[in-house]
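Here is a short report on one sheet and one pocket. Keep the structure open while reading.

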Amino acid sequence: MTNPSYTNPSAPPMVPPQYGDPNQGNVSRSDLDVLETTAPAEPYNYDMYSGYHHNPAENAAPYPAEHAAPYPADAGAGYFQHDGQYVQPPAGQYHQDYANSGFMEPGMAQPSKPLPLPTPQTLTLHEAYSIPSTPVMSDDGGPLGKEGRSTPAIKFDPRIMPDPDPVVASLYDVQQAPPPGARNYKRYQSQRRRKLKAVELTSGNLVLDSPVPKSVLEKGKFNDAKEFTHVRYTPVTSDANEFMNQKYTLRPTLLGRQTEIFIVLTMYNEDEILFNRTFTAVMKNIAHLCSRSNSRMWGPNAWEKIVVCIVADGMTKVDERVLAVLGVLGVYQEGIMQKTVNGDEVVTHLFEYTVQSGMDTNMNFVGHQQGMPPVQVLFCLKTKNAKKINSHRWFFNAFSEVLQPNICVLIDVGTKPTGTSIYHLWKSFDHDERVAGACGEIAADLGKGCKHVFLNPL
């Protein structure tokens, strides 16, 4: 707002306009000292003064006549846009609608001041649940609670993160969003929530099939089935012992496949190098089983009899780059995670996808060009840290009850099984049905030519 004592020699004298006056004076935009904000597009066109939502098709009641014309938000605080021009409001109305301790009427001792507005910025809106260490946003766009003020946000590497789901992204069009802290932000949030689609529950549980990015499909060999083109997400609200009683299902069972080997990779806060080392080694073991053409059990389609379960012990403990790697492989998508389902808190986030490529310790892709077969992956991301014994409870009491595997293999992330380890482990059970458990030999990785011994003897 301009100072009443200021006059522009090149501008005609201004006369305080009245509404309905066709000869109202115009104010040059260069004379305005007002911070701009982003104007929401229709149907989020609001009257900046009264807060009424303007709809061009609804110029009649219940909206008052003086609020019939749309006033976009970029006109600034205390200014309307009328017939394409910026004008000053009548004296006294600005002060009555919006309290401002620094405001005084023109002609008084101190010049009037505009209301402070936030700096223009781009806000990504997420109704879905995110990692707890990301600051939680309140309705006014600010951090919510102690966690939002003190915890730094997790940032993923945009170079390796998958593209967002266009169906989900269409529900959160940032172009129509006022900036956080704007007067219309809460109203926009409520309008946006009305656009959310209702999802039919599967046996009383929420199950979402989200398409994977095209970059993931391009690295694979198959793209003719839903297990390759879509990741299946299930937010679990029950305990591990009640998983089957609550009628939760898993994709291998729905496809009618009998699981012979069920492998679990337990993970806490290991980095992406250790994870890639273990997961790629497991893929090589599955490739060995697929290469055994003379076996009565294994063969080219042996991967259909094997399921790999990755259990992350706590969302706040898992390494962010491991989640980024899983996102690149197609088995993880952050944007579809939910915090609650029908008012019940989500205990575990469950992702199912048939992976067609992996990554080695040098962050290079390893796929069907290197002889890697598809791998059925079940990624269990627990919301809270509950130790490894709880991870094994989910593996045995929840997932194994549904899949009914013949052999279960337990591996910690960071352990690298050799190319035929899993086969020989399975063979010990196949030779003698009385064998109830077996353990492989664990050795330190000495490196080529025992170079690790010289670098670190311990």
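## A covered strand

In this predicted model, the side chains of β7 split between two directions: I261, I263, L265 and M267 point one way, F262, V264 and T266 point the other way, and all are buried. The strand runs over residues 261-267. It is mostly covered, with seven of its seven residues buried. In a regular strand, side chains alternate between the two faces of the sheet.

From β7 the chain passes through helix α8, residues 272-290, and on to β8. This β-α-β crossover is right-handed.

## Neighbours of β7

Strands of a sheet pair through backbone hydrogen bonds, in a parallel or an antiparallel sense. β7 pairs with β8 (residues 306-312) in the parallel sense, over seven bridges. I261 stands opposite I306 in β8. V264 has C309 of β8 as its bridge partner.

β7 also pairs with β15. That pairing is parallel too, over six bridges. Here I261 has I407 as its bridge partner, and I263 stands opposite V409. I261 thus appears in both pairings, opposite I306 in β8 and bridged to I407 in β15.

## The whole sheet

How many strands does the open sheet have, and in what order do they lie? There are seven, in the order β5-β6-β11-β14-β8-β7-β15, and the pairing is mixed. The edge strands are β5 (208-211) and β15, and each pairs on one side only. From one strand to the next, the twist averages 20 degrees.

## The edge strand β15

Which side chains of β15 are buried, and which are not? I407, V409 and I411 point to one face and are buried. C408, L410 and D412 point to the other face and are not buried. Two of the buried residues also face β7: I407 is the bridge partner of I261, and V409 stands opposite I263.

## The second largest pocket

β15 also takes part in a pocket lining. The second largest pocket has a volume of about 850 Å³. It is lined by 26 residues, and the closest to its centre are T415, K416, P417, E441 and I442. The elements that give two or more residues to this lining are β15 (407-412) and α11 (421-431). Helix α11 gives the largest share, six residues.

What is the chemical make-up of the lining of the second largest pocket? The residues divide into 13 nonpolar, eight polar and five charged.

Terms used: Residues are numbered from 1 along each chain as its sequence is written. This is a predicted model: local features need pLDDT of at least 70, side-chain atom pairs count only at pLDDT 80 or more; totals for chains, interfaces and linings use all residues. Side-chain values use heavy atoms; hydrogens and water are left out. On a 1 Å grid over the protein atoms alone, a cavity is a set of points where a 1.4 Å probe fits but cannot get out, and a pocket is an open set with protein on both sides within 12 Å along at least five of seven lines; lining residues have an atom within 4 Å of a point. Grid points are joined across faces, edges and corners, and a volume is the space filled by probe spheres set on the points. Helices (H or I, at least four residues) and strands (E, at least two) are DSSP runs, numbered from the N terminus. Ala, Val, Leu, Ile, Met, Phe, Trp, Tyr, Cys and Pro count as nonpolar, Asp, Glu, Lys and Arg as charged, and the others, Gly among them, as polar. Buried means under 20% relative accessible area, exposed over 50%, partly exposed in between (1.4 Å probe, protein chains only). Two strands pair if DSSP finds at least two bridges between them. Axes are lines fitted to C-alpha atoms, for helices over the stretch in contact, and angles run from 0 to 180 degrees between N-to-C directions. A crossover is right-handed if, with the strands pointing away from the viewer, the path from the first strand over the helix to the second runs clockwise.
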